[in-house]
Amino acid sequence: MNRDSRIYVAGHRGLVGSAIVRMLQSKGYTNIITRTSRELDLRRQADVEAFFGKERPEYIFLAAAKVGGIVANSTYTAEFIYDNIMIAANIIHSAYKTGVKKLLNLGSSCIYPRSAPQPMKEEHLLTGPLEPTNEPYAIAKISAIKLCRYYNEQYGTNFISVMPTNLYGPNDNFDFETSHVLPALIRKFHLAKLLREKKYDDIKEDIIRFSPDFKSASDINLYLSKFGITAEYLQLWGSGEPYREFLYVDDLADTCVFLMENYDYKDIGEFVNIGTEEEIRIKDLAALIKEIVGFEGKIVHDLSKPDGMQRKLSDISKIKALGWQPKKTLKEGIKKSYEWYLTSRKDIRS
Ligand SMILES: NC(=O)c1ccc[n+]([C@@H]2O[C@H](COP(=O)([O-])OP(=O)(O)OC[C@H]3O[C@@H](n4cnc5c(N)ncnc54)[C@H](OP(=O)(O)O)[C@@H]3O)[C@@H](O)[C@H]2O)c1
């Protein structure tokens, strides 16, 4: 990739896409092409083809997707499979048709089988049934990886995929209806702290940002109790026993650009895991975030809520053998994320 190559970052306002843009800019890449979903709905094949015909990107980071936590995944099942299949198929096919030099597709470690051996190696994909709560999403993401592979095999393209673990960082999604566990916990502990300190105006301001339906001050307690937030305690979903692995998103962006600059399909094969190889119980993660945010109440468990997979840890030997390893510790990363949430948590996606 040259500094003036035409690089399209699909999904540039999202958690991953924005980190890739930051990384490319910090390395001096000057010709970055972006479109919001309003400007270009990637589910629409004709629009995607017209865009590729006009912009002729040379390199693509495919970080646009419909993404969410357990609730969103099990509620919007049709949207999760349709949107993600359409986005991937349209971009990958147009990339092939217009002779894109290289494409990097974002997979996700949550698409490994529910009972995959731990830590999960690349060869464990498609070796058993998927986690039912995100099967539609997983099927679409697996299709994207296979599209890349089979376009490479039939057409000689150079499309690679990465399989990151759970991510967090600047531009994360803090909307409780759709967010992942780590950003949700940061915001929940922050709101519980504000409630304990009786800072009702700050709470209202925060809720209005994320909930356009929020109408009056009398709704505050209703809203907070819906998400298990009180001044005395915070309700944690599930038992808190499952283990999870978390990667700071700038570390992922660093790897994506590193792979785009240095490695081809022939070097890495179908895809490569990206993670930290460090796991933490959800209840210990909650305790760590509670400490960083400074909430002095208790943590209680809502056992009516699902736990998801018991353990999900990536084997990252393959990416380490290529000369990469994560830089930020979990504590440093959460502090950075909380700082970002406090200073920049305006709804940048509106
Ligand atoms: N978040 C994680 O923990 C995680 C972990 C592993 C892998 N990943 C993978 O990383 C990729 C990006 O995830 P993310 O967390 O960055 O998601 P995100 O923050 O929700 O961002 C997704 C982006 O996709 C764009 N998008 C969605 N639907 C679109 C459409 N129909 N047309 C055009 N653009 C559309 C959105 O654009 P607008 O903002 O313009 O609407 C949004 O900025 C996904 O493939 C995901 O599977 C994420």
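Student: Which residues touch the most other members of the largest nonpolar core?

Tutor: Happy to start there, and do keep in mind that this is a predicted model. The largest nonpolar core has 96 residues. Those that touch the most other members are Ala 10, Ile 20, Ile 60, Leu 62, Ile 91 and Cys 256.

Student: Which helix gives the most to this core?

Tutor: Look for the helix covering residues 181-196. With ten residues, the helix that gives the most to this core is α6.

Student: What is Leu 62 in contact with, leaving aside its neighbours within four places in sequence?

Tutor: Leu 62 is one of the core residues that touch the most other members. With those sequence neighbours left aside, its contacts include Ala 10 and Ile 91, which are also on that list of core residues. The full set for Leu 62 is Ala 10, Ala 88, Ile 91, Leu 103, Leu 104, Asn 105 and Leu 106.

Student: Are α4 and α5 roughly parallel or roughly antiparallel?

Tutor: Find α4 at residues 77-97 and α5 at residues 135-155. Their axes come within 8 Å and cross at roughly 15 degrees. Angles under 35 degrees count as roughly parallel, so α4 and α5 are roughly parallel.

Student: Is the crossing of α4 and α5 left-handed or right-handed?

Tutor: Try turning the model until one of these helices lies in front of the other. The crossing of α4 and α5 is right-handed.

Student: How do the residues of the contact of α4 with α5 divide into nonpolar, polar and charged?

Tutor: On the α4 side, the residues include Phe 80, Ile 81, Ile 85 and Ala 88. They meet residues of α5, among them Ile 139, Ala 140, Lys 141 and Leu 147. The contact divides into 16 nonpolar, three polar and one charged.

Student: At what angle do α2 and α4 pack?

Tutor: Helix α2 spans residues 45-55, and its axis is 10 Å from that of α4. The crossing of these two helices is right-handed. They pack at an angle of about 35 degrees.

Student: Which residues of α2 and α4 make the contact?

Tutor: The residues of this contact divide into three nonpolar, three polar and one charged. From α4 come Asn 90, Ile 91 and Ser 94. From α2 come Gln 45, Val 48, Glu 49 and Phe 52.

Student: Which residues does a cis peptide bond join?

Tutor: Most peptide bonds are trans. For this cis bond, omega is about -10 degrees. One partner, Pro 119, is found in the loop between β4 and α5. The cis peptide bond joins Gln 118 and Pro 119.

Student: Is Asn 171 buried or exposed?

Tutor: Asn 171 is found in the loop between β6 and α6, and its phi is near 70 degrees, a positive value in a residue other than glycine. It has 23 other C-beta atoms within 10 Å. A residue counts as buried with 20 or more, so Asn 171 is buried.

Student: How many other C-beta atoms lie within 10 Å in the case of Glu 277?

Tutor: Glu 277 has a positive phi too, near 65 degrees, and is found in the loop between β10 and β11. Glu 277 is partly exposed. The number of other C-beta atoms within 10 Å is 16.

Student: What separates the C-alpha atoms of Gly 169 and His 93?

Tutor: Gly 169 lies in the loop between β6 and α6 and is buried. Gly 169 and His 93 are 76 residues apart along the chain. Their C-alpha atoms are separated by 31 Å.

How values were computed
Residues are numbered from 1 along each chain as its sequence is written. This is a predicted model: local features need pLDDT of at least 70, side-chain atom pairs count only at pLDDT 80 or more; totals for chains, interfaces and linings use all residues. Axes are lines fitted to C-alpha atoms, for helices over the stretch in contact, and angles run from 0 to 180 degrees between N-to-C directions. Helices (H or I, at least four residues) and strands (E, at least two) are DSSP runs, numbered from the N terminus. Angles under 35 degrees count as roughly parallel, over 145 as roughly antiparallel, 65 to 115 as roughly perpendicular and the rest as oblique. A crossing is left-handed if the near helix is turned anticlockwise from the far one by less than a right angle, and right-handed if clockwise. Two residues are in contact if their C-beta atoms, placed from the backbone, lie within 7 Å. Ala, Val, Leu, Ile, Met, Phe, Trp, Tyr, Cys and Pro count as nonpolar, Asp, Glu, Lys and Arg as charged, and the others, Gly among them, as polar. A nonpolar core is a set of buried Ala, Val, Leu, Ile, Met, Phe, Trp, Tyr and Cys residues joined through C-beta atoms within 7 Å. A residue is buried if 20 or more other C-beta atoms lie within 10 Å of its own, exposed if 12 or fewer, and partly exposed in between; C-beta atoms are placed from the backbone.
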